[in-house]
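Morning, everyone. I have one structure to walk through today. Have a look at it first, and then we start with a question.

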Amino acid sequence: APSTICSPPLETRMDEVDPGQPNPNPATPARPGEMLRGARESRGLSLAEVAARTRVPQRHLEALEAGDYTALPSPTYAVGFAKAYARAVGGDEVTIAQEVRRDLDRLGPRRPEYVPYETADPARVPSRGIAIAGVGIALAVLILVGLWYGTSLFQPGTGAAASGDAVVSQTIAPSPTPVATPAVPTGGQVVLTASDEVWLRVYDADNKTLYLGTMKAGERFEVPASAKDPMINVGRPDKLAVTLNGSAIPPLGDGSRAIKDVRVSGEAIAARLSTTPAGQAPEPTGNSSAP
């Protein structure tokens, strides 16, 4: 009988990949947060040390490494924080900024973070009820004065004398000295002082950065008088006191939202002082130690 020849079974190796087929497991490009974390760890730095170098809050650096851009105030802050982080760890800030922008583009547009802030403070304007009450009190005082004078005229022996005394009193009464209205300054030295931890950026009309970082309570920054139309970008305007020549001005914002492109030149701050209601002159503030 003819013998049957059996061929050995073919073995398929799982580690062999057909070069003509695409790689089923392509390498995932590193995210900007992973790139920043890797650069930081290669230099042996902690997040607290990077926060101290960049003056960016540590919670924002943690959000950058995790790619959680919703935890940051705005896309502008996300790019600015990432570039500062990259500079602190010796990374390529241009590449990092481009990668962060790509991530933000994939997330889609966000609701605008900056809403124009009205200079006028509605809380300083008397309500309608207070105004009506004031008018009523004034009328009541006038009526009482009229009744008092009318009663005095009809009392025996006192009408003529009272009238004469009134005429004499009116004759010799000195005229009131007009009170001089203090002149509103038109410019001067603007100082920004932090009442609590607050991040801000001061820049001029050419977008040149004059100050960038997180100020701690008690620290201050003097806006250069020679700066070209300086402006401010601040996340918590209620934590920032602004003075002009030592006089306080109304807060730049109530803290419910960040503000951007608000002018802080001496002329712009003087204009804010000129809108302060009468009888509520700015109180002088003491000097704070510079950071």
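In what sense do S6 and S7 pair, and over how many bridges? The pairing of S6 and S7 is antiparallel, and it runs over two bridges. One residue to look at there is Leu 244, which stands opposite Ser 247 in S7.

Before I go on, a reminder: this is a predicted model. Please keep that in mind throughout.

Now the rest of that sheet. It is open and has four strands, in the order S4-S1-S6-S7. The pairing in it is antiparallel. S4 and S7 are the edge strands, each pairing on one side only.

Let me step back to the overall numbers. The protein has 291 residues, and 29% of them count as buried. There are eight helices and eight strands. Take the contacts with a separation of 6 or more: 66% of them are between residues 24 or more positions apart. The exposed area is about 19200 Å², with carbon and sulfur atoms supplying 58% of it.

Next, helix H8. H8 covers residues 266–274. Which of its residues are buried? They are Gly 266, Ala 268, Ile 269, Ala 270, Arg 272 and Leu 273. And the cover? It includes four strands: S1 (190–194), S6 (240–244), S7 (247–248) and S8 (259–263). You have met S1, S6 and S7 already, in the open sheet.

Over to helix H1, residues 32–42. The buried residues here are Pro 32, Gly 33, Leu 36 and Arg 40. Down the axis of H1, they fall within an arc of 100 degrees, so they line one face of the helix. The face turned away from that buried side carries Glu 41 and Ser 42, both exposed. For H1, the cover over the buried residues includes helices: H2 (47–54), H3 (58–66), H4 (75–88) and H5 (93–107). After H1 comes Gly 44, with a positive phi near 70 degrees.

Stay with Arg 40, and we get to charge pairs. A search of the whole structure finds 12 salt bridges. I will show a few of them.

The first on my list joins Glu 65 and Arg 40, with the closest N and O atoms 2.9 Å apart. Glu 65 sits in helix H3 and Arg 40 in helix H1, so the pair ties together parts that are 25 residues apart in sequence. Buried or exposed, these two? Glu 65 is buried, at 9% relative accessible area. Arg 40 counts as buried too, at 10%.

Next pair: Asp 103 and Arg 106. The closest N and O atoms are 2.0 Å apart. Both residues lie in helix H5, three residues apart, which is about one turn of the helix. How do they stand in terms of exposure? Asp 103 is at 3% relative accessibility, so it counts as buried. Arg 106 is at 57%, so it counts as exposed.

What else does Asp 103 touch, beyond its neighbours within four places in sequence? Asp 103 is in contact with Arg 31, Pro 32 and Tyr 69. Pro 32 is one of the buried residues of H1.

Then a pair out in the loops. Lys 228 and Asp 206 meet through their side chains in a salt bridge, 3.6 Å from N to O. This one links distant parts of the chain, 22 residues apart. Lys 228 is in the loop between S4 (220–223) and S5 (231–234). Asp 206 is in the loop between S2 (198–203) and S3 (209–215). At 54% relative accessibility, Asp 206 counts as exposed.

There is also a network. Salt bridges that share partners join Arg 31, Asp 103 and Arg 106.

Last stop, the surface. Which residues form a nonpolar patch there? Ile 137, Val 141, Val 145, Trp 148 and Tyr 149 do. Together they have about 540 Å² of accessible area. Val 141 is found in helix H6, residues 128–153. Why does Val 141 count as partly exposed? Its relative accessible area is 45%, and the class takes in values between 20% and 50%.

That is the tour. Questions, please.

How values were computed
Residues numbered from 1 in each chain as written. Predicted model: local features only at pLDDT ≥ 70, side-chain atom pairs only at ≥ 80, totals over all residues. Heavy atoms only, no water. Patch = residues over 30% accessible without salt bridge, like charges linked within 9 Å, V, L, I, M, F, W, Y side chains within 5 Å. Areas by Shrake-Rupley, 256 points an atom, 1.4 Å probe, with all protein chains shown as cover. Salt bridge = Lys/Arg side-chain N within 4 Å of Asp/Glu carboxyl O. Buried < 20%, exposed > 50% of the residue type's maximum accessible area, 1.4 Å probe, protein only. Arc of directions from axis to C-beta. Contact = heavy atoms within 4.5 Å. Pairing = 2+ DSSP bridges.
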